[in-house]
Amino acid sequence: MLDLIIIGAGPGGYEAAFEAARQGLSAALVEKDALGGTCLNRGCIPTKTLIHAADVYREIQGCGRFGIVSGRPSVDMKMLQEHRKMTVESLQRGIAARLKAAKVPVYQGTGMIRMLRTDESDEKKPESKKRESEKGKQVCVTAPDGLETVLEAKNILIATGSVPSVPPIPGSDLPGVMTSDDLLFYEGEPLESLLIIGGGVIGVEFAGIGQSFGTKVTILEALPSLIANLDRELGQSLKMSLKKKGADIHTGAKVSALAQTPEGICCTYTEKDGEHSCTAQAVLVATGRRAYTGGLFPEGGAPQMERGRILVNDWYETSIPGIYAVGDVNGQIQLAHAATAQGLRAVRHIAGLAVDSEPDLIPSCIYSSPEIASVGLTAEEAKARGITAKSHKILSSANGKSVLTLQERGFIKVVYEADTHVILGAQLLCARATDMVSEFAVAIREKLTLEQMSAVVRPHPSFSEMITEAVRI
Ligand code: NAD
């Protein structure tokens, strides 16, 4: 019997497999699709590949500002999609090689958890919970050719991810109404116009790609601001930046219907001053993702769930002892690096290691232009927790590297405890924000003060000099 069966080979699942091998556990990985999960096949990596290409395109268009003379660039979407495919395949080969080196076999097929073999007399005993987790659990893997393999292990880790969630808007099944899964594989000519429903992370990242390629972008967001779960100033600045590049953005706008017209897809929405409509060549529905557990549990055999997501405790164990759920499927934080952190924590618990009770500190990153990143508390969140906090904000306009590379105006804001100067959070909107945020993650985790962060000598000229400026008050 194995120690662990992992269902789902995304960053939650495959990193858990590597950790299991490091901890000397015997493990097997079950995957119905390609290695890498949403992140590698339909999420982070393909999106960032398109974003990088869009950035290059925009740089070429603007290269005259650096004295470089170039012809008018054009986009070959088929070649760009070929590059996306090669990037993904290269990373898939990397995961496969690492799994082979870790001696974790991969079973290609759909995994279904079989009813546990419970012993009634055990259930009456107080220590039955512990013993139950040590009993074998089965996963039946149905391969694409229909062949079934039954695996048995002491523990199961579910890392089956999420799928786009499309609200029941009339007309959302029209051709030309897409989710990010569809738009990522788009090979046609750059769109003339794109209407995006949802101004969350997916919505604003695709807005940036579209704008770079010359698409007229409209965003309709139901909440009062874009990227509403982050610091308000980040959402406001991003809205200004997108608008400056020509986007039409409506916040507090609820979409009620989509309909095909000769001019394109017409979207009806309500804003505070009444009903409006706008028409675009295509529509992207980016209104969130929902946990995916399709066919995973036999009838009556599911652990406790809430609105489709699997409920877990601090070390990601479900209500069924020995069955764990990490990543998007538990709906806590839908980010690849959060799934990985959760997977490591779950495997360490399975291996009997002490699991740190402090929750993982998860940075949020948006690959907009300029990039956005946030970690720890915002000033508002600190206040809500009764912490006397202050914040210090610096602009990127005095940073040499930002000026010489002609970056858009940005900022870094540091939130710190007023008395002790211990750093509590940071919000960044500037070039390389998604890399620089890690310095703040280290600082917050290690409870460093402004003075300790400021004592670090950072190279000149570099974007990271902005960090020094931000922590010097
Ligand atoms: P999201 O939850 O971030 O944003 C969806 C937005 O749609 C919300 O702001 C919501 O108010 C709005 N909305 C919902 N129904 C609407 C309607 N009928 N009309 C108008 N607006 C409506 O979801 P997402 O952007 O789809 O992303 C899904 C998940 O994937 C998120 O958890 C996100 O963090 C993750 N993701 C992360 C990254 C990254 O880290 N860079 C990139 C892409 C996706």
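Biologist: Over how many bridges do strand E9 and E10 pair?
Modeller: This is a predicted model, where local features need pLDDT of at least 70, side-chain atom pairs count only at pLDDT 80 or more, and totals for chains, interfaces and linings use all residues. Residues are numbered from 1 along each chain as its sequence is written, and side-chain values use heavy atoms, leaving out hydrogens and water. Strands (E, at least two residues) and helices (H or I, at least four) are DSSP runs numbered from the N terminus, and two strands pair if DSSP finds at least two bridges between them. E9 covers residues 193-197, and its parallel pairing with E10 runs over 5 bridges.

Biologist: Which residue in E10 stands opposite Leu195?
Modeller: E9 spans residues 193-197. E10 spans 216-221. Opposite Leu195, E10 places Thr218.

Biologist: In what order do the strands of this open sheet run?
Modeller: The sheet has 5 strands. Their pairing is parallel. The order is E8-E15-E9-E10-E11.

Biologist: Which strands have one side left without a neighbour in the sheet?
Modeller: Look at the edges. A strand there has a single partner, so one of its sides has no neighbour in the sheet. The two edge strands are E8 (177-178) and E11 (248-251).

Biologist: Now the ligand. How many residues surround it?
Modeller: A residue counts if one of its heavy atoms lies within 4 Å. The closest are Ile202, Glu205, Glu221, Gly288 and Cys365. The full count is 21.

Biologist: Which element gives the most residues to that shell?
Modeller: Two elements give two or more residues: helix H8 (201-212) and strand E10 (216-221). One of them gives the most, with 3 residues. That is H8.

Biologist: Which residue has a side-chain N or O atom 2.7 Å from an oxygen atom of the ligand?
Modeller: A polar contact is a pair of N or O atoms within 3.5 Å. Glu205 reaches a nitrogen atom of the ligand, with a polar side-chain atom 3.0 Å away. The ligand oxygen instead lies 2.7 Å from the side chain of Glu221.

Biologist: How far is a backbone N or O atom of Ala222 from a ligand nitrogen?
Modeller: Here the backbone makes the approach. The ligand partner is a nitrogen atom. The distance is 3.1 Å.

Biologist: What share of the ligand's accessible area does the protein cover?
Modeller: Accessible areas come from the Shrake-Rupley method with a 1.4 Å probe. On its own, the ligand has 850 Å² of accessible area. The protein covers 79%.

Methods
A polar contact is a pair of N or O atoms within 3.5 Å; within protein, one must be able to donate a hydrogen and the other to accept it, and residues adjacent in sequence count only if both atoms are side-chain atoms.
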